[in-house]
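Subject: Structure handover

Dear colleague,

I am passing the structure below on to you, together with some notes on what was found in it. Please look through the sequence and the model before reading on.

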Amino acid sequence: MSLTSPWRADFPGVLALEAEGQTYLDSAATAQKPQAMLDALLGYYAGGVANVHRAQHLPGERATRAFEATREKAARWFNAADAQHLIFTRSATEAFNLLAYGLELHFQPGDEIVISALEHHANLLPWQQLALRRQLKLVVLPLDNHGLIDLEQAAQLIGPRSRLLAVSQLSNVLGCWQPLDQLLALAQAQGAVTVVDGSQGVVHARHDLQALGCDFYICSSHKLYGPDGVGLLYGRAGALQQLRHWQFGGEMLHHTDYHTATFRDAPLGFEAGTPAIASVIALGASLDYLASLDSSAVSRHEAALHAQLLSGLRLRQGIRLLGSPDVALASFVVDDVHPADLAHLLTEQGIAVRAGHHCAMPLLQSLGLSGAIRVSLGLYNDANDLQRFFSALDQALELLQ
Amino acid sequence: MSLPANAQTALHAFRACSGWEQRARLLMQWGEQLAPLSENERCESNRVTGCESQVWLLLERNGEEWQLRASSDARLLRGLLALLLVRVNGLTRSELAQLDLPDWFDQLGLARNLSPSRSNGLQAVLKRMQQLLDATDQGAINH
């Protein structure tokens with residue numbers, strides 16, 4: 001049975017790339033955009049721009065309403081108790097940095113920050129550097145053979161000195177859902193702040209953040225079929241109040257004289273400087289588009305495509321999958337073939353996959369690998385994309401093996 | 001500046017390639033001709049950083065002529081290194097200064113390997129070579 005995507009035609013980028021002979025299988029790095037998002041972006045710019053939260057004039061009011069409407073849409077998307085629990089940042093990476101600086105004063109030398117072995121650099125470096133600044137201990141939770149955070153070891157390692165747990169919901173390399181409920185419970189039992197990296201997870205399922213119960217949840221717009229330049233930081237009501245202001249300027253304040261100032265609460269107090277107005281508005285259009293889809297049909301399509309990807313990889317000699325991916329992506333290496341060589345030959349054939357360490361250098365090192373190839377799927381991919389990938393893979397391996 | 005004989009051979013061979021497959025095979029053949037480096041030479045101080053593959057580069061001087069030696073754990077990159085070496089080796093410092101290496105790879109039909117989004121290493125190799133040359137120039141001034 002040939003798997004087609006009923007949503008492919010909504011994404012002009014994927015069609016343009018196809019016309020150019022490029023097969024796009026790198027959506028975990030960044031996703032193509034729906035027409036509705038492009039229309040919103042152009043509509044905002046062409047309709048007359050204005051800055052937000054500053055002006056009383058009509059264009060300013062219109063821009064502010066559209067900007068804040070995205071916050072409402074994001075709140076609905078995540079079932080946040082209040083739209084004010086969502087902060088717009090410039091990227092997911094910036095949101096992690098916001099937390100690492102905003103929470104810094106709560107840490108005492110010797111306290112522990114707990115992450116896992118599979119974290120993306122964005123959820124590693126801000127904590128690593130915070131640990132160095134404040135003489136904290138960075139505890140790294142190990143993985144089991146399937147690429148899941150090992151719960152038995154986590155129960156030993158998360159202890160009374162653990163002040164914060166920051167873990168990924170869905171690994172960008174291993175593609176497996178992490179046992180978040182258990183991990184969050186372990187951290188909460190110690191009174192630790194909990195942070196979830198939802199950058200990949202947000203794309204492949206709807207999550208109710210109140211039910212999940214984490215203190216903070218972070219994701220980026222550009223992987224969720226939205227524009228670049230926007231990250232989302234969700235914070236539970238009580239959690240947001242623990243944050244110290246970190247970037248200063250613009251309209252994030254109540255009052256200032258030359259020497260002192262008082263600042264707004266979240267979210268605006270954490271959105272210093274003119275935000276990415278057009279991108280935030282256009283993200284609203286992407287969320288509307290996604291909300292209009294039959295989410296179970298999307299999940300079924302993604303699952304069927306993922307199953308085809310895995311079975312095709314397993315069929316081929318010498319291919320070793322990293323972990324046991326559940327959804328969205330598969331990373332692999334081939335015995336006696338350098339991933340850089342394979343990447344080179346896939347590129348020659350117009351296959352856009354990611355090669356290298358996937359911003360998770362320590363994870364690849366711990367697996368004894370210098371790199372891997374990652375194929376990742378979006379809702380617009382179809383069986384033809386996979387077929388083109390596999391035939392290019394076979395050609396490349398014939399040359400290399 | 002006339003092309004060294006080996007470089008002329010490479011240019012002929014690569015220009016005759018009709019597709020990516022032939023070009024890849026040829027690149028791997030050239031890579032196999034690359035003289036291996038000893039284990040000592042494949043050390044951290046000779047390693048080119050900024051590549052996802054491992055690459056080692058050594059610059060040596062033989063009278064007025066400069067010699068590069070290089071290797072990598074990736075086969076296609078070894079081919080690119082071989083094509084760099086045939087163009088560069090035996091040149092004097094002033095000849096090297098005039099050399100347009102991106103143009104050389106362009107003539108070979110391999111310009112894409114120098115695009116900034118590539119992390120395969122050729123870009124980093126050229127940068128490292130320039131740094132090594134600059135360092136020896138600096139050494140010469142200081143002496």
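For what follows, two residues count as being in contact if their C-beta atoms, placed from the backbone, lie within 7 Å. Please keep in mind throughout that this is a predicted model.

With that meaning of contact, helix α4 (residues 92–102) of chain A lies across β2, β6 (193–197), β7 and β8 of chain A, and runs at about 155° to β7(A). These strands of chain A belong to an open sheet of seven strands with mixed pairing, in the order β2-β8-β7-β6-β5-β3-β4. At the edges stand β2 (86–89) and β4 (137–141) of chain A, and because each has a single partner strand, one side of each is left without a neighbour in the sheet. From one strand to the next, the twist averages 20°. Within this sheet, β7 (residues 216–220) and β8 (residues 231–235) of chain A run antiparallel and are joined by five bridges; Tyr217(A), for instance, has Tyr234(A) in β8(A) as its bridge partner.

Helix α12 (residues 295–315) of chain A can be checked for its length: at 1.5 Å a residue, its 21 residues should span 30 Å, and its end C-alpha atoms are indeed 30 Å apart, which agrees. The buried residues of α12(A) are His301(A), Glu302(A), Leu305(A), His306(A), Leu309(A) and Leu313(A), and they lie on the same side of the helix, because they cover an arc of only 125° around its axis. Among the elements that cover these buried residues are β11 (319–321), β12 (329–334) and α15 (383–400) of chain A. The face of α12(A) turned away from the buried side carries exposed residues, including Ser296(A), Arg300(A), Ser311(A) and Arg314(A).

Helix α15 of chain A also contains Ser391(A), which counts as exposed because it has 12 C-beta neighbours inside 10 Å, and a residue with 12 or fewer is classed in this way. The C-alpha atoms of Ser391(A) and Gln349(A) are separated by 9.7 Å, although the two residues are 42 apart along the chain.

Finally, the contact between the chains takes 12 residues from chain A and 13 residues from chain B. On the side of chain A that touches chain B, the largest share, five residues, comes from helix α13 (residues 339–348) of chain A, and by class that side has three nonpolar, seven polar and two charged residues.

With best wishes

Conventions:
Residues numbered from 1 in each chain as written. Chains lettered and ligands numbered in written order. Predicted model: local features only at pLDDT ≥ 70, side-chain atom pairs only at ≥ 80, totals over all residues. Pairing = 2+ DSSP bridges. Helix = DSSP H or I, 4+ residues; strand = E, 2+ residues; numbered from the N terminus. Axes fitted to C-alpha atoms, helices over the stretch in contact; angles between N-to-C directions. Nonpolar A, V, L, I, M, F, W, Y, C, P; charged D, E, K, R; others polar. Expected span 1.5 Å × (residues − 1). Buried ≥ 20, exposed ≤ 12 C-beta atoms within 10 Å, placed from the backbone. Arc of directions from axis to C-beta.
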